[in-house]
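Please look over the sequence and the model below before reading on. The explanation then moves from confidence to the packing of rings and helices.

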Amino acid sequence: ESGGPRHVGVRGVATAGLRMVSLFPSRGRLSLREVSGSLGDLGTFIPLLLGLARAGGVEPVPALFWAGAFNVLGGLTWDAPMCVQPMKTIAAVGIAEGLSSQQVALAGMMTSAMVLLLGASSAILLVARLVPDAVVRGMQLGLGMSLALKGCALIAADTPHALPPLQTAAGRYAVAGTALCFVLASRHAGERVPSALTLFSVGVLLAAGQLAYAGEPVRFRPVAPALWALSGVDGTDATRALLDAALPQLPLTTLNSVVSVCHLAKQLAPEAKVTPRSVACSVGLINLLGCPFGAMPCCHGAGGLAAQHAFGARRGVSVLFLGGCKMLLALALGGPLVSLLGAFPAPLLGVMLLFSGVELARAGVRLAAAGEEAATVGLVTAAATLSLRTGVGCAVGLLAALASGGLGRACKLLWQGELLQWLREGDAEPPPLLRASSAPPPPAGAPAGAAGGGRAAGSVSTAEAERGEPRPRAGGAEPEEGTGTV
């Protein structure tokens, strides 16, 4: 029973993936460098998929299948390594606050519908400019800490059905500590080690050992790659999805998944012609198509693009290969995938979620350099997001920004005509509604472009830098140390 499907899962997936890539020669030739680059963003994808599936927010097989389909569509649309990432706010809220699968699907559809409307009407930059940076960074800090706390709770949780060494607190802490040291060492070494992929592989082996120890057979049964995710939806689900997940996700999607990724793509792959309208329409259409049928809400992102480029991806063939492998793995190993994810060791998943939360919260660290006023607004937003629901935290942050002088300055700028002029100009730097959100003046002797309003060599965009996205170096496109490996 297991011989045939296992043969399909290993050799068949690789052969079929290579054949799929060969159908699209205009997207480049598949090489080891392109294959390596396609794995660069798995450090974000794997922990959030595992965590959300473990929390009941998505079914793993449809989520993996549709993520692969989105990769293929992206590779066909642009000849560039455009990544497909989970919508981090929705995923973090789903894991930390326990959203149901219906609420996760609704949140992805609502966010995507708004992004599609904004992209089609060319108003995508308007939303990106109206939301203060301090509020966005504060939400990222609060959500990141919530996700990190969830990871710590998984490490400490009792696992009576695990392997004997993991049933004791000492064993769980030993496994988690070893994984923690491995991730930190791989980041410190600066080598391109896919630590999340390594932890996932070790976790799958331990899960297989646990199933064998418990005498549970791993059956290679087919699992449908699509399911209706909106059954039993009511008004409560729609309200919670909108307020707690969709609205907080919207500014992050417009800024990171549309504005920043287009700036970075223009630098890394100018021939691909990645435009804000095309990216916004892509984010909207893929989720409106996939979320009703079990897809995890996904978007494109500057961090993933930089990570895949740093690992060697240059053409659309890399994401075509990755997407084909995801889809074929979901189809060929559906049954074992469900069983293995159900037995995945909690300490390893906890460490992966811990670092995912840390990566999401890194943007909040820059609040200290943003000035007292913006830092206060950001920390208030983070505290409200961490202690209350995410939607409440977003509302509290916006009120804090207005109360801190943002409303008065907006009225003044509107009266003087500067605000309308800024809204009409596509690439102009916005006037600071929060004084502290503007960069401090450069020190004496600093080169031109060091201030917040300029562009230094190798930079991407102000919004991208302030949100913790990787900034390519002047001579290449490598992200900051550690980005894309966890």
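The paragraphs below take up confidence, aromatic pairs, a charge over a ring and a helix contact in turn.

This is a predicted model, in which local features need pLDDT of at least 70 and side-chain atom pairs count only at pLDDT 80 or more, while totals for chains, interfaces and linings use all residues. Residues are numbered from 1 along each chain as its sequence is written, and side-chain values use heavy atoms, with hydrogens and water left out.

The pLDDT, which is the predictor's confidence in each residue on a scale from 0 to 100, averages 76 over the protein, and 74% of the residues score at least 70. Among the elements, which are DSSP runs numbered from the N terminus (helices are H or I with at least four residues, strands are E with at least two), strand 2 (residues 298-299) has the highest mean pLDDT, 94, and helix 20 (residues 462-466) the lowest, 40. Two stretches stay under 50: residues 1-10, for which the model has 10 contacts (heavy atoms within 4.5 Å) beyond four places in sequence, and residues 435-486, for which the model has 113 such contacts.

Rings of Phe, Tyr and Trp (its six-membered ring) pair if their centres lie within 6.5 Å, and planes under 30 degrees apart count as stacked, over 60 as edge-to-face and the rest as tilted; by this rule there are 5 aromatic pairs. F65 and W66 form an edge-to-face pair, with 6.0 Å from centre to centre and 85° between the planes, and both residues are buried (under 20% relative accessible area, where exposed means over 50% and partly exposed in between, with a 1.4 Å probe and protein chains only). The pair of W228 and F293 is also edge-to-face, because the ring centres are 5.6 Å apart and the planes stand at 65°. W228 lies in the loop between helix 10 (195-214) and helix 11 (235-268), and F293 in the loop between helix 12 (276-290) and strand 2, so this pair ties together parts that are 65 residues apart in sequence. W228 is partly exposed at 49% relative accessibility, and F293 is partly exposed at 35%. Ring pairs link F65, W66, F70, W228 and F293 into a cluster.

A charge sits over a ring if NZ of Lys or CZ of Arg is within 6 Å of the ring centre and within 35 degrees of the ring normal, and K326 lies over the face of F45 in this way, 4.0 Å from the ring centre.

The axes of helix 3 (residues 42-54) and helix 10, taken as lines fitted to C-alpha atoms over the stretch in contact, with angles from 0 to 180 degrees between N-to-C directions, come within 7 Å and cross at roughly 40°. Helix 3 is therefore oblique to helix 10 (under 35 degrees is roughly parallel, over 145 roughly antiparallel, 65 to 115 roughly perpendicular and the rest oblique). The contact is made by L42, G43, I46 and L50 of helix 3 and by A196, L197 and F200 of helix 10.
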